[in-house]
Number of protein chains: 2
Amino acid sequence: MAHSIWKDYPSIDSKLDQTTAFIHSSVKIRNTEISQMIIDLTSGGKMLRPAFFLLFSAFGPDKKQNEELIPLAASLELLHVATLIHDDVIDDSPLRRGKPTIHTHYGKRNAIYAGDYLFTLYFEMISRFSPAQKDILINSLSMKKILIGELDQMLINYNVDATAKMYIREVSGKTAELFSLSTEMGAIISEADEKIIRLSKNIGHDIGMSFQIIDDILDFGDSQTTGKPNFEDLKNGVYTLPYILGLQDKNEKLVSILSGTNLSDEMIQEAADIVSNEGYLDKAKDIARTYNQHALRRINLLPNGKNKLVLKKVVKKLLDRIK
Amino acid sequence: MAHSIWKDYPSIDSKLDQTTAFIHSSVKIRNTEISQMIIDLTSGGKMLRPAFFLLFSAFGPDKKQNEELIPLAASLELLHVATLIHDDVIDDSPLRRGKPTIHTHYGKRNAIYAGDYLFTLYFEMISRFSPAQKDILINSLSMKKILIGELDQMLINYNVDATAKMYIREVSGKTAELFSLSTEMGAIISEADEKIIRLSKNIGHDIGMSFQIIDDILDFGDSQTTGKPNFEDLKNGVYTLPYILGLQDKNEKLVSILSGTNLSDEMIQEAADIVSNEGYLDKAKDIARTYNQHALRRINLLPNGKNKLVLKKVVKKLLDRIK
């Protein structure tokens, strides 16, 4: 069953179920335990990237059949999950979607290879099902931007001189690129014109930026709701937007705490309190809202139809998480 | 300058230099240190996979120009180096080609992403320069087999019941697949007929199997020559062919040592001595020689020409490492 956010949209809901089934039937490795963990990781998520791809595949003149749509929807989720698995090894995260991560269960060896294996499945699906070779190139260039974003993150980690500009560049790659690939590929597959393709890509970018900033903000929430422990980002030296806004503002207390090494739980709590109490968290919320509004304004320019209405509702709903 | 094994073959030598230059000009990441480490890792190696690709590109009727050959030769080396980087994180290897590994210098975060980044560069080159979409699919299926081979390795690690059959299946994926992809793509790019393509692929497989077994045997040699510390494989629970032949033979002393946990240096030396003194190392050498002979017999079936002669010499030379 697809995630409950899709329950009001039966057509997308059903396509996402088919996407999940397609992914599960594609995972073929002899090690049944790792195979099972990959299946778990590709079950029950919100599947935003395949969903946006499917939603945007209605904006061109050529409405493709499920046989052509589902494998490409699946490929986007596979690329996403591959990067998740590697991120979890890198951050040593104990939990993902409330369950133990692959590397906690089977060690980093298998987690790294499992991520690599999903990259290859992604690559296979794209090669097999892309309508044209140029679409494969679009995918590969996006995948490269995502990785460059991940590498750029290192310029921010543990860097008290990080700026919002550096953050935006990093997140444009790390997170927003996969959203914009999804919406762009949706428009391309339906043979939309150049203008709609570019518009779709920009909408994906706005959604992705907003999504990542909301995710940063949720790290301040309680771990029950998010399924991952609190302040994980900061513990790993990952400075998210609320902290970066404080650092850029040269907030002395914050700079002084974060300049220390081996932060204690108390210091982490203190840093988080500064960010909450001195308005940086609210400012980050404003920025998330602004990206969300950009997305909505651009969605208004899309051709009218059912999917446009669904998109508006879903994009608004993403903001609910930080209300 | 390409590796000295190519010095007698100026045409390949020059193409390999161009391949290296092409790789270096393609690495574009903001972090100059990681960029430099990737450049170091793609300099000075034997470049066997691009070399075999280039050698096999002479066996069909259509001799392609360097502009078409070099990027595909580069892609094969990139795929190889990407898997090397991940292997080194996984095995926690301190050295690669006599230099500190990326993860020792910059931590596993950057090593994992650097490997991922090279996967994306590989994917980009294949998408951009493959003559047809079906060749991209051939590449992606090979990449998948390589990863499945890596995952299969886990069934052998620390497994005293591992058999030669399991080993051969694993190495067919992990190592031989990339050699057979290289030789197959060489034949394909020159528009050789189906029979020559299949023959080329089989030759690549034989060379790859022989190459990996020789590598296993070299782990018994001294660390000065190989540029990596001794008995690294066994320390990581990686049972290579010589050990597996002993285990399959139910050699009691060997089984008893390897059944223990946390092997001391003395126990590792003792296990290695058993394998050397009781003929298992020699048996592994025989198997490497057999694969090498298979390759040479098949090379004889290729169309005559300069590259056929070069191939014979190079394949024979690979065996010299265990003389």
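**View 1. One helical turn separates B:Arg289 and B:Asp286 in helix α14 of chain B.** In this predicted model, the two residues sit three positions apart in α14, which covers residues 280-299 of chain B. Their side chains meet in a salt bridge, with N to O at 2.9 Å. How exposed is B:Arg289? B:Arg289 counts as partly exposed because its relative accessibility is 32%. B:Asp286 lands in the partly exposed class too, with a relative accessible area of 42%.

**View 2. A:Glu170 pairs with A:Lys174 along helix α7 of chain A.** Here the residues are four apart, so about one helical turn lies between them. The closest N and O atoms of this salt bridge are 3.4 Å apart. A:Glu170 has just 3% relative accessibility, so A:Glu170 counts as buried.

**View 3. B:Lys7 and B:Asp8 form a salt bridge out in the exposed class.** The N to O distance for this pair is 3.9 Å. Both B:Lys7 and B:Asp8 are exposed. Over all chains, a search of the whole structure turns up 26 salt bridges. Elsewhere, a salt-bridge network links A:Asp62, A:Lys64 and A:Glu191.

**View 4. B:Asp88 is a buried residue in helix α4 of chain B.** Its relative accessibility is 5%, so B:Asp88 counts as buried. What does B:Asp88 touch, leaving aside residues up to four places away in sequence? The contacts are B:Ser93, B:Arg96, B:Thr101 and B:His103.

**View 5. A:Glu124 reaches B:Lys144 across the chain boundary.** The closest N and O atoms in this salt bridge are 2.7 Å apart. Between chain B and chain A the count is four salt bridges, and 19 residue pairs are in polar contact across the interface. On chain B, the elements giving two or more residues to the side that touches chain A are α4 (66-91), α5 (102-129) and α6 (133-156). The largest share, 17 residues, comes from α5(B). That side of chain B splits into 25 nonpolar, eleven polar and 14 charged residues. In total, 50 residues of chain B are in contact with 50 of chain A. The two chains bury about 4,800 Å² between them, 65% of it on carbon and sulfur atoms.

**View 6. A turn of 180 degrees lays chain B on chain A.** The RMSD is 0.0 Å, and the shift along the axis is 0.0 Å. That is why the relation is that of a two-fold axis. Within chain B, the C-alpha nearest the axis belongs to B:Gln133, 2.9 Å from it. Both copies use the same surface, as 100% of the contact residues of chain B recur in chain A.

Key
Residues numbered from 1 in each chain as written. Chains lettered and ligands numbered in written order. Predicted model: local features only at pLDDT ≥ 70, side-chain atom pairs only at ≥ 80, totals over all residues. Heavy atoms only, no water. Contact = heavy atoms within 4.5 Å. Buried area = accessible area lost by both parts, 1.4 Å probe. Polar contact = N/O pair within 3.5 Å; in protein donor to acceptor, adjacent residues only side chain to side chain. Nonpolar A, V, L, I, M, F, W, Y, C, P; charged D, E, K, R; others polar. Buried < 20%, exposed > 50% of the residue type's maximum accessible area, 1.4 Å probe, protein only. Least-squares fit on C-alpha atoms with pLDDT ≥ 70 in both.
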